[in-house]
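Here are a few short exercises to work through with the model open in your viewer. Try each one before you read the solution.

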Amino acid sequence: MHNVLVLFRREFASYFATPLALVFIVIFLVLAGAFTFFFGNFYERGQADLASFFEFHPWLYLFLIPALSMRLWAEERKSGTIELLMTLPVTLWQAVIGKYLAAWAFTGVALLLTFPIWITVNYLGDPDNGAILAAYIGSFLMAGGFLAIGACLSATTRNQVIAFIVTVVVCFGFLLSGFAFVQNFFLSWAPQAVVDAIASFSFRTHFVSISKGVIDLRDLLYFATLIGVWLSANAIVLEMKKAD
Amino acid sequence: MIEISHLSKRYGALTAVDDISFSVEPGQVLGFLGPNGAGKSTTMKMITGFLSPTSGTVRVCGHDVEAEPLAAKACMGYLPEGAPSYGEMTVRSFLDFVARVRGLSPDKRRARLDDVIGRLALGGVLEQVIETLSKGFKRRVGLAQALLHDPQVLILDEPTDGLDPNQKHEVRLLINNMAKDKIIVISTHILEEVDAVCNRAIIIANGRLLADDTPQALAASVPSGKLDDFFRQITLGAAPAPVREVANA
């Protein structure tokens, strides 16, 4: 636990040691705002809720989270620091979890900085703040899912651009399977059970269900499993291919 | 104590390290010599537990590196090839990070940081970001990181690469000063360095251990009496090595 904390702190601080943190947070906030007001018709809907804000989070994450996760392990490989890290007295799991949690906490910071929209909607009307909190939790869990995929794929290469592109593609798959048009495509020939299974793989299905204000155990379990599986894969990839 | 027995590493059809056995006692400074691609770095990566051997075992301070990696790693300091470090960190925060991972108590941490900063003359660059430092300073930061916990065993992969002659001299002095009760393994292809700091030399080529003796004895075995000539002769395979080959099997 001590080692996880030490690794976490180093990794977390490293975001703020470079312009990365600033650029990421500013772009995240600008895009989140732009989507909410221009595409989400925040005002025109005339409802005191943040549905138009959260609706676009999956799409924001699709491009921004891989940009964050691509460096996690690819950079360690490129710079050779993976050799330093793996010869320090830390276990592989401590390294995987410490680095992952740092990236996740960083997205949490970016998400928390969207609080003005919450103040705005409370100023304009009388929203269900419980539902908003649930949606924030759902969004944070979804970010964790994207990040776990990105962390694993980042460990497969020393090239950050490859890590980015592959992560976007895989995350796109996890996102798309929750949309009606994808399900309709399968519905025409596959049994309902298969279609449901495909839908249940999607971030979006579970995010939407949480953001309605109901934190269902199944949704939590989904994200916990997803993160656990991808981080295990991350550790296995590192174990199999430490050098190069 | 480092005990290496029948260590091999194969990548597919390529054998990088081929059945190497030797052991190193406290007080020995072992120079690990060989042409590029001989398997020096691969052997060092296996000693430090970064790579897993295909076969054979490595024991450091009585701990099997594969079975008890944390205990083995705790008693080793390692400078990897190229002295990698986290470029975006300052020297101070990087060394502090390593000291924390090494589990040093706050008092010990302060004392050890002061010690290595003094030894490697890093006082002037403590608040500087590592990636802005010169090659020589980066190498010294890597050395400082390896020495932080005052380890019993030091594994240094080309410790003086990229240093100017004065800095080389400093590092050699540093190694000599520490040599008494520690085990130090350094890889190099600078043969004068072996004369300067090592009391034992191992030559490997194509993954095989070819010679193992004091540098003086190795040099004396060729007519010219020069380690260079012995090195060329044995690694190019021009003639069978006229030395007693030591194999600690």
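**Exercise 1.** Which residue of strand 8 of chain B does L154(B) stand opposite? Then work out how the strands around it pair up.

*Solution.* Keep in mind that this is a predicted model. Start at L154(B): its partner across the way is I184(B) in strand 8. Next, zoom out to the whole pairing: strand 7 and strand 8 (residues 183-188) of chain B run parallel, with five bridges between them. Now check strand 6 (residues 76-79) of chain B, which is also parallel to strand 7 and is joined to it by four bridges. There, Y78(B) sits opposite I155(B).

**Exercise 2.** Find out what handedness the β-α-β unit with helix 6 of chain B has.

*Solution.* Trace strand 7, then helix 6 (residues 165-178), then strand 8 of chain B: together they form a right-handed β-α-β unit.

**Exercise 3.** Why is strand 7 of chain B largely enclosed by the rest of the structure?

*Solution.* Begin with a rule: side chains in a regular strand alternate between the two faces of the sheet. Now sort the residues by side. V153(B), I155(B) and D157(B) are buried on one side, and L154(B) and L156(B) are buried on the other. Five of the five residues in 153-157 are buried, so strand 7 of chain B is largely enclosed.

**Exercise 4.** How many residues does each chain give to the contact between chain A and chain B?

*Solution.* Chain B supplies 21 residues and chain A supplies 19. On the chain B side, helix 2 (69-74) and helix 3 (91-101) are the elements giving two or more residues. Sorted by class, that side has eleven nonpolar, five polar and five charged residues.

Notes:
Residues are numbered from 1 along each chain as its sequence is written. Chains are lettered from A and ligands numbered from 1 in the order in which they are written. This is a predicted model: local features need pLDDT of at least 70, side-chain atom pairs count only at pLDDT 80 or more; totals for chains, interfaces and linings use all residues. A residue is buried if 20 or more other C-beta atoms lie within 10 Å of its own, exposed if 12 or fewer, and partly exposed in between; C-beta atoms are placed from the backbone. Two strands pair if DSSP finds at least two bridges between them. A crossover is right-handed if, with the strands pointing away from the viewer, the path from the first strand over the helix to the second runs clockwise. Two residues are in contact if their C-beta atoms, placed from the backbone, lie within 7 Å. Ala, Val, Leu, Ile, Met, Phe, Trp, Tyr, Cys and Pro count as nonpolar, Asp, Glu, Lys and Arg as charged, and the others, Gly among them, as polar.
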